[in-house]
Amino acid sequence: MNPLSHVAIIMDGNGRWGLKNKNSRNAGHKAGLITVENIIKHSIQRKIKFLTLYVFSTENWKRPKSEIEYLFALLEHFLKKKIGEFDKNKIKLVVIGKKKFSNKLNKLLSESEKITKNNSKIQINLALNYGSRSEIIEAFNKLYKKKIKINERSVSNSLYTKNIPDPDLLIRTGNTKRLSNFLLWQLSYSEIFFSKKLWPEFNEKDYDNIIYEFRRIKRNFGKI
Ligand code: IPE
Ligand code: IPE
Ligand code: MG
């Protein structure tokens with residue numbers, strides 16, 4: 001059985017769910033937050049140590065302003081409400097991506113990271129204003145400036161994910177099969193599962209079914 005320490009998730013399908021059920025994309029984002037909470041709790045139960053959630057990509061700035069504003073207001077509200085509970089449950093929050101939001105949100109994110117930094121039950125990486133290509137370019141630039149030789153280890157150690165293992169498992173919901181600029185370097189050997197369900201519909205049972213299948217895959221890493 002494969003060990004499972006790091007799960008990465010592309011939480012896709014909120015907008016479609018919202019349009020279908022409440023005639024509003026934003027309602028889908030709100031509903032998606034309930035799934036976020038459930039999946040965090042379930043990850044802890046399944047003893048997963050790292051959970052990386054794709055919340056907002058560098059490309060998502062191309063969306064209408066009203067949707068972007070709603071998303072960040074939602075995130076702000078969620079963090080303010082939940083940070084105490086996260087801390088109590090020994091959850092460590094880390095932001096991966098460039099913190100270039102409103103001063104208020106930047107501050108809230110930094111504070112949330114600070115408050116939870118010594119927690120060790122699970123690390124949740126929130127990929128926010130995250131893009132894998134820009135992450136890799138930044139890594140190369142850092143190495144170039146410091147005159148450090150570029151190799152697999154030095155590149156890995158210059159990414160946002162420097163201290164954590166690569167994802168064992170990637171899940172994308174929303175019935176779309178693409179990576180959308182997510183963890184392109186780190187996913188080199190991850191097992192990939194696509195769920196047809198929209199993110200607000202995805203539940204613990206769906207998660208468990210994927211974990212069950214994942215555990216039984218013969219992972220080769222190039223060997224036989
Ligand atoms: C994913 O859901 C959440 C974010 C990108 C913020 P979408 O908003 O992309 O939902 P669909 O894919 O349009 O249904
Ligand atoms: C990927 O979903 C980003 C997040 C889930 C945050 P998108 O809905 O933005 O991806 P594309 O644009 O359809 O590829
Ligand atoms: Mg989408």
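Q: What makes a residue count as near ligand 1, and which residues surround it?
A: A residue is near a molecule or strand if one of its heavy atoms lies within 4 Å of it. In this predicted model, ligand 1 is surrounded by Met 11, Asp 12, Gly 13, Asn 14, Gly 15, Arg 16, Arg 25, His 29, Val 55, Asn 60, Arg 63 and Leu 71.

Q: How should the names and values be read?
A: Residues are numbered from 1 along each chain as its sequence is written, while chains are lettered from A and ligands numbered from 1 in the order in which they are written. Local features need pLDDT of at least 70 and side-chain atom pairs count only at pLDDT 80 or more, whereas totals for chains, interfaces and linings use all residues; side-chain values use heavy atoms, leaving out hydrogens and water.

Q: What makes the pairing of Asp 12 with ligand 1 a polar contact?
A: An N or O atom in the Asp 12 side chain is 2.8 Å from an oxygen atom of ligand 1. A polar contact is a pair of N or O atoms within 3.5 Å (within protein, one must be able to donate a hydrogen and the other to accept it, and residues adjacent in sequence count only if both atoms are side-chain atoms), so this pair qualifies. An oxygen atom of ligand 1 is also 2.9 Å from a polar backbone atom of Gly 15, and one is 2.9 Å from an N or O atom in the side chain of Arg 25.

Q: Which residues are around ligand 2?
A: They are Ile 10, Met 11, Asp 12, Tyr 54, Val 55, Phe 56, Asn 60, Arg 63, Arg 172, Arg 178 and Ser 180.

Q: Where do the side chains of Asp 12, Asn 60 and Arg 172 come in?
A: Each pairs with an oxygen atom of ligand 2: a polar side-chain atom of Asp 12 at 3.1 Å, an N or O atom of Asn 60 at 2.9 Å, and a polar side-chain atom of Arg 172 at 3.4 Å.

Q: Why are helix 3 and helix 4 called roughly parallel?
A: Helix 3 (residues 65-88) and helix 4 (residues 103-115) pack at about 20°, with axes 11 Å apart. Angles under 35 degrees count as roughly parallel, over 145 as roughly antiparallel, 65 to 115 as roughly perpendicular and the rest as oblique, so the pair is roughly parallel.

Q: What does the contact of helix 3 with helix 4 consist of, by class?
A: There are eight nonpolar, one polar and four charged residues. Ala, Val, Leu, Ile, Met, Phe, Trp, Tyr, Cys and Pro count as nonpolar, Asp, Glu, Lys and Arg as charged, and the others, Gly among them, as polar.

Q: Why are helix 2 and helix 7 called oblique?
A: Helix 2 (residues 25-45) and helix 7 (residues 204-215) pack at about 45°, with axes 10 Å apart. That angle fits none of the named ranges, so the pair is oblique. Here the contact (heavy atoms within 4.5 Å) is made by Asn 38, Ile 39, His 42 and Ser 43 of helix 2 and Glu 204, Tyr 207 and Asp 208 of helix 7.

Q: Are helix 2 and helix 3 roughly parallel or oblique, and why?
A: Their axes come within 10 Å and cross at roughly 30°. The pair is therefore roughly parallel. Among the residues in this contact are Arg 25 and His 29 of helix 2 and Leu 71 of helix 3.

Terms used:
Axes fitted to C-alpha atoms, helices over the stretch in contact; angles between N-to-C directions. Helix = DSSP H or I, 4+ residues; strand = E, 2+ residues; numbered from the N terminus.
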